[in-house]
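This report goes through one protein chain for a reader at the bench. It takes up single residues, a bent helix, the pockets and the chain as a whole.

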Amino acid sequence: PLLSLVALALIMQKWQPKHIFREPTAPSLEEVQAQQSVKHTGGEILKAWSPFVYLSVVILLWSTAMKPLFAKGGLLAFSNITFPVPWLHQTIQQTAPIVASPKAIDVTYTWNIIGASGTAILVAAIITILTSSISWGEAIEELGATWKQLQTPIIMICLVMSVANVMNYAGMITSIALAVAAVGAIFPLLSPIIGWIGVFVTGSVVNNNILFAGLQATTAQQIGVSQTLLVASNTAGGVMAKIVSPQSIAIAAAAVNSSGEESKITSMAIKYSAALLVVTCVWVYVLSLVGI
């Protein structure tokens with residue numbers, strides 16, 4: 001990542017985007033240049049960046065030092081509430097070729113009240129309020145404004161996830177994957193496409209790997225290709241779909257006050273997603289030929 005940032009900084013010295021997006025309430029470029037002439041003390045700069053520092057530190061603690069506390073048997077394990085989903089838990093079976101023998105699927109929902117990353121973000125926000133000049137009234141007002149801005153994307157994300165779960169538990173996503181896998185030795189060329197479909201539907205690379213990593217590994221074994229390569233290609237293809245996944249587009253549109261223009265943004269981004277997917281497919285196929 002550090003090398004990528006350095007490379008980006010060097011590229012930006014010679015290249016500038018054709019169009020620079022500015023928020024309607026953002027200062028003009030002239031005002032920004034005037035502000036750049038004002039010198040700030042180290043303390044002022046640290047205070048301005050403090051919310052991001054708090055956020056980074058709290059999330060780091062949540063995902064490392066505090067993670068064992070949320071695990072089974074941990075001090076805060078009681079905050080994880082797990083219950084089976086009615087009418088789904090162990091009523092659906094996976095069969096070959098997804099698994100070697102028929103297996104009932106456990107469908108449970110876990111509510112991580114304290115261990116969730118969202119809780120870590122809330123803690124960081126509270127620390128920011130307590131250590132800054134922001135009042136609780138202003139913080140609540142900002143929370144209301146954020147909800148007003150993001151309520152449509154939140155509802156959209158919930159609906160898309162609902163469709164993804166229906167497709168998953170009805171076997172539709174698996175059927176799509178099996179149809180692609182039936183091509184045989186050329187499968188590595190198409191392997192990233194499965195990951196692309198998975199992330200486009202679910203919006204999550206993690207969920208995509210939960211859905212298709214097993215299938216990729218099984219198919220790799222059947223056609224004599226590295227399992228690691230195809231599981232990695234599943235992830236790589238999924239990353240290319242993040243550009244146009246409905247959830248990502250909805251959040252991006254809301255962030256720039258462009259809710260309702262999701263289709264326009266998608267049509268602009270799809271060509272980049274498709275081009276990157278093609279490159280990924282070709283590269284994975286080349287790696288499969290050389291035995292990696």
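Lys271 lies in helix 12, which covers residues 262–289. The model is a predicted one. With a relative accessibility of 53%, Lys271 counts as exposed, because the cut-off for that class is over 50%. Lys271 is 10 residues from Glu261 in sequence, and their C-alpha atoms are 17 Å apart in space.

Ser191 is found in helix 8. Its relative accessibility is 0%, so Ser191 counts as buried. Leaving aside neighbours within four places in sequence, Ser191 is in contact with Gln216, Leu230 and Ser233. Gln216 is also one of the buried residues of helix 9.

**Helix 9**

Helix 9 runs over residues 205–223 and bends by about 45° at Phe212. The residue at the bend, Phe212, is among the buried residues of this helix. The others are Asn208, Asn209, Ala213, Leu215, Gln216, Ala217, Thr219 and Ala220. What covers the buried residues of helix 9 includes helix 7 (172–181), helix 8 (187–202) and helix 10 (227–241). After helix 9 comes Gly224, which has a positive phi near 75°.

**Pockets**

Which element supplies the largest share of the lining of the largest pocket? Helix 9 does, with 6 residues. At least two residues of that lining also come from each of strand 2 (93–94), strand 3 (103–104), strand 4 (108–112), helix 6 (136–169) and helix 7. Of the lining residues, Ile105, Asn168, Tyr169, Ile210 and Leu211 lie nearest the centre of the largest pocket.

In the second largest pocket, helix 5 gives the most to the lining, with 8 residues. The residues nearest the centre of this second pocket are Ile121, Ala125, Ile129, Ala139 and Leu143. Two or more lining residues come from each of helix 3 (42–63), helix 5 (117–130) and helix 6. Helix 6 is thus named for the second largest pocket and for the largest pocket.

The table sets out the volume and lining of each pocket.

| Pocket | Volume | Lining residues | Make-up of the lining |
|---|---|---|---|
| Largest pocket | about 1,000 Å³ | 36 residues | 21 nonpolar, 13 polar and 2 charged residues |
| Second largest pocket | about 760 Å³ | 19 residues | 14 nonpolar, 3 polar and 2 charged residues |

**The loop between strand 1 and strand 2**

Most residues other than glycine have a negative phi. Trp87 has a positive phi, near 70°, and is not a glycine. The place of Trp87 is in the loop between strand 1 (80–84) and strand 2. Is Trp87 buried or exposed? At 80% relative accessibility, Trp87 counts as exposed, because this value is over 50%. Gln90 is found in the loop between strand 1 and strand 2 too. Gln90 is not a glycine either, and its phi is positive, about 60°.

**Cysteines**

How many disulfides does a search of the whole structure find? The search finds 0. Cys158 has a relative accessible area of 48%, so it falls in the partly exposed class, between the 20% and 50% cut-offs. Cys281 has a relative accessible area of 7% and is therefore buried, the cut-off being under 20%.

**The chain as a whole**

The chain holds 12 helices and 4 strands. The C-alpha trace spans about 65 × 50 × 35 Å along its principal axes. Of the 292 residues in the chain, 26% count as buried. Among contacts in the chain with a separation of 6 or more, 65% are between residues 24 or more positions apart.

Helix 9 comes up in several parts of this account. Helix 9 bends at Phe212, is covered in part by helix 8, and supplies 6 residues to the lining of the largest pocket. Ser191 of helix 8 is in contact with Gln216, a buried residue of helix 9.

Terms used:
Residues are numbered from 1 along each chain as its sequence is written. This is a predicted model: local features need pLDDT of at least 70, side-chain atom pairs count only at pLDDT 80 or more; totals for chains, interfaces and linings use all residues. Side-chain values use heavy atoms; hydrogens and water are left out. A disulfide is a pair of cysteine sulfur atoms within 2.5 Å. Buried means under 20% relative accessible area, exposed over 50%, partly exposed in between (1.4 Å probe, protein chains only). The bend at a residue is the angle between axes fitted to the seven residues ending there and the seven starting there. Contact means heavy atoms within 4.5 Å. On a 1 Å grid over the protein atoms alone, a cavity is a set of points where a 1.4 Å probe fits but cannot get out, and a pocket is an open set with protein on both sides within 12 Å along at least five of seven lines; lining residues have an atom within 4 Å of a point. Grid points are joined across faces, edges and corners, and a volume is the space filled by probe spheres set on the points. Ala, Val, Leu, Ile, Met, Phe, Trp, Tyr, Cys and Pro count as nonpolar, Asp, Glu, Lys and Arg as charged, and the others, Gly among them, as polar.
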